[in-house]
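Got the viewer open? Here's a short walk through the model, one selection at a time.

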Amino acid sequence: MIRYTITHVTTYDYTEPVSLCQNVAHLSARDSTRQRAEQPVLSITPEPAVIEERVDFFGNPVHYFTIQEPHRELTVRAEHIISVSVEPPPDPATTPAWESVRDQLNWNRGAAWIDAYQFVFDSRYVAADARYAQYAAESFTPNRPVLEAALDLMARVHKEFVYDPRATTLATPVAEVFEKRRGVCQDFAHLLLACLRSLGLAARYVSGYLSTLPPPGKSRLVGADASHAWASVFCGDIGWIDLDPTNDQIPGERHVLLAWGRDYDDVSPLKGVILGGGQHVVKVSVDVCPDPPELGVVG
């Protein structure tokens with residue numbers, strides 16, 4: 001088990017005063033079978049007139065807050081302490097055939113299956129398409145075990161798509177990522193979802209953090225870590241298995257879960273509406289620090 005202290009700071013600078021803003025923040029980590037999250041400390045400046053904590057439709061903790069005083073800067077600071085422990089994944093070859101999982105999603109009324117079925121359908125950023133099904137078919141050959149096929153698809157995305165932070169924005173559609181073969185973790189997660197859903201499988205978007213390791217002989221850089229995203233595929237009675245196409249791996253102890261949903265829109269760290277503000281610049285700093293801190297040693 002690894003215990004992390006995580007600090008996530010988001011700052012908006014506006015060219016004109018904002019008279020009112022209403023926001024939704026997915027900045028509290030959810031508990032799961034692989035991690036335990038302590039109550040986070042959420043600091044907001046200016047101080048909100050109203051703030052509420054709830055659980056959203058997908059079971060993620062979420063904060064709603066309203067600022068009613070004029071301001072030209074908004075800072076949201078979330079501090080977490082999260083313990084992560086990961087059990088070895090199942091042998092991919094022992095998972096059921098992917099067609100069996102696909103077909104059962106249409107008729108199995110077990111609680112886990114009904115919950116998974118909602119992740120078969122299109123969402124705001126991810127729509128099924130014959131092009132994605134054709135691309136995925138190279139991995140999802142007849143009667144191939146579902147996890148074995150999904151891992152093969154993940155490896156192909158990792159190999160054939162280039163990580164390029166300048167290639168896309170939050171608004172870049174999956175079709176453009178698929179055509180240009182470039183993007184970032186969010187894009188690759190969306191692409192994997194599009195491929196899996198185009199085959200009739202259930203797949204969900206996962207937001208979180210990745211603890212990055214410094215080069216040999218170098219100290220950790222505070223704020224060098226970043227928000228991360230990956231996908232998760234439903235493997236029938238085995239349950240959900242996470243897939244990180246950016247790094248071509250099943251997430252382990254260095255991956256910290258924040259929230260999950262149908263795509264980025266369901267779990268974006270911070271979004272809202274404002275009155276005024278003019279133009280704005282946003283700065284995000286994330287620090288994921290293991291306890292005890294790493295001292296420049298690559299593990």
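Whenever two residues are said to touch on this tour, they have heavy atoms within 4.5 Å of each other. Keep in mind too that you're looking at a predicted model.

**Stop 1: the whole chain**

Start zoomed out, with everything in cartoon. The protein has seven helices and 14 strands. Its radius of gyration is 20 Å, close to the 19 Å that the globule rule gives for 299 residues, so the protein is as compact as a globular protein of that length. Line the view up with the principal axes and the C-alpha atoms fill a box of roughly 60 × 45 × 40 Å.

Now switch on the surface. About 14200 Å² is accessible, and carbon and sulfur atoms hold 54% of that. Of the 299 residues, 51% count as buried. If you draw the contacts with a separation of 6 or more, 76% of them join residues 24 or more positions apart. Colouring by charge gives you 26 positive and 38 negative ones, and their mean positions sit 3 Å apart.

**Stop 2: helix H4**

Select residues 146-160, which make up helix H4. With 15 residues at 1.5 Å each, H4 should span 21 Å; the C-alpha atoms at its ends are 21 Å apart, which agrees. Show side chains and pick out the buried ones: Val-146, Leu-147, Ala-149, Ala-150, Leu-153, Met-154, Arg-156 and Val-157. What lies over them? The cover includes helices H1 (98-107), H3 (130-137) and H6 (185-198), along with strands S10 (227-234) and S11 (240-243).

**Stop 3: helix H6**

One of those covering helices, H6, is next. How many of its 14 residues are buried? The count is 14 of the 14, so H6 is largely enclosed by the rest of the structure. Put a distance on its end C-alpha atoms and you'll get 20 Å, which agrees with the span expected for 14 residues at 1.5 Å a residue. Just past H6, click on Gly-200, which takes a positive phi of about 90 degrees.

Stay on H6 and select His-190, which is found in this helix. Anything under 20% relative accessible area is called buried, and His-190 counts as buried at 3%. Leaving out residues up to four places away in sequence, His-190 touches Tyr-125, Val-126, Val-174, Tyr-205, Asp-263 and Tyr-264.

**Stop 4: Ile-250**

Move to the loop between S11 and strand S12 (255-261), where you'll find Ile-250. Buried or partly exposed? Its relative accessibility is 26%, so Ile-250 counts as partly exposed. Beyond residues up to four places away in sequence, Ile-250 touches Pro-89, Leu-151, Met-154, Ile-241 and Asp-242. You've met Met-154 already, as one of the buried residues in H4. For a distance check, pick Ala-231: it is 19 residues from Ile-250 along the chain, and their C-alpha atoms are separated by 9.8 Å.

**Stop 5: Asn-23**

Finish in strand S1 (residues 2-25), home of Asn-23. With a relative accessible area of 8%, Asn-23 is buried. Which residues does Asn-23 touch, not counting those up to four places away in sequence? Show His-63, Tyr-64, Phe-65, Leu-74, Leu-270, Lys-271 and Gly-272 to see them. Then add Ile-51, which is 28 residues from Asn-23 in sequence and 9.5 Å away in space, C-alpha to C-alpha.

Technical notes:
Residues are numbered from 1 along each chain as its sequence is written. This is a predicted model: local features need pLDDT of at least 70, side-chain atom pairs count only at pLDDT 80 or more; totals for chains, interfaces and linings use all residues. Side-chain values use heavy atoms; hydrogens and water are left out. Helices (H or I, at least four residues) and strands (E, at least two) are DSSP runs, numbered from the N terminus. The radius of gyration is taken over C-alpha atoms; the globule rule is 2.2 Å times the number of residues to the power 0.38. Buried means under 20% relative accessible area, exposed over 50%, partly exposed in between (1.4 Å probe, protein chains only). Accessible areas come from the Shrake-Rupley method with a 1.4 Å probe; for residues, only the protein chains shown count as cover. Lys and Arg count as positive and Asp and Glu as negative; His and the chain ends are not counted. The place of a charge is taken as NZ of Lys, CZ of Arg, CG of Asp or CD of Glu. The expected span of a helix is 1.5 Å times one less than its number of residues.
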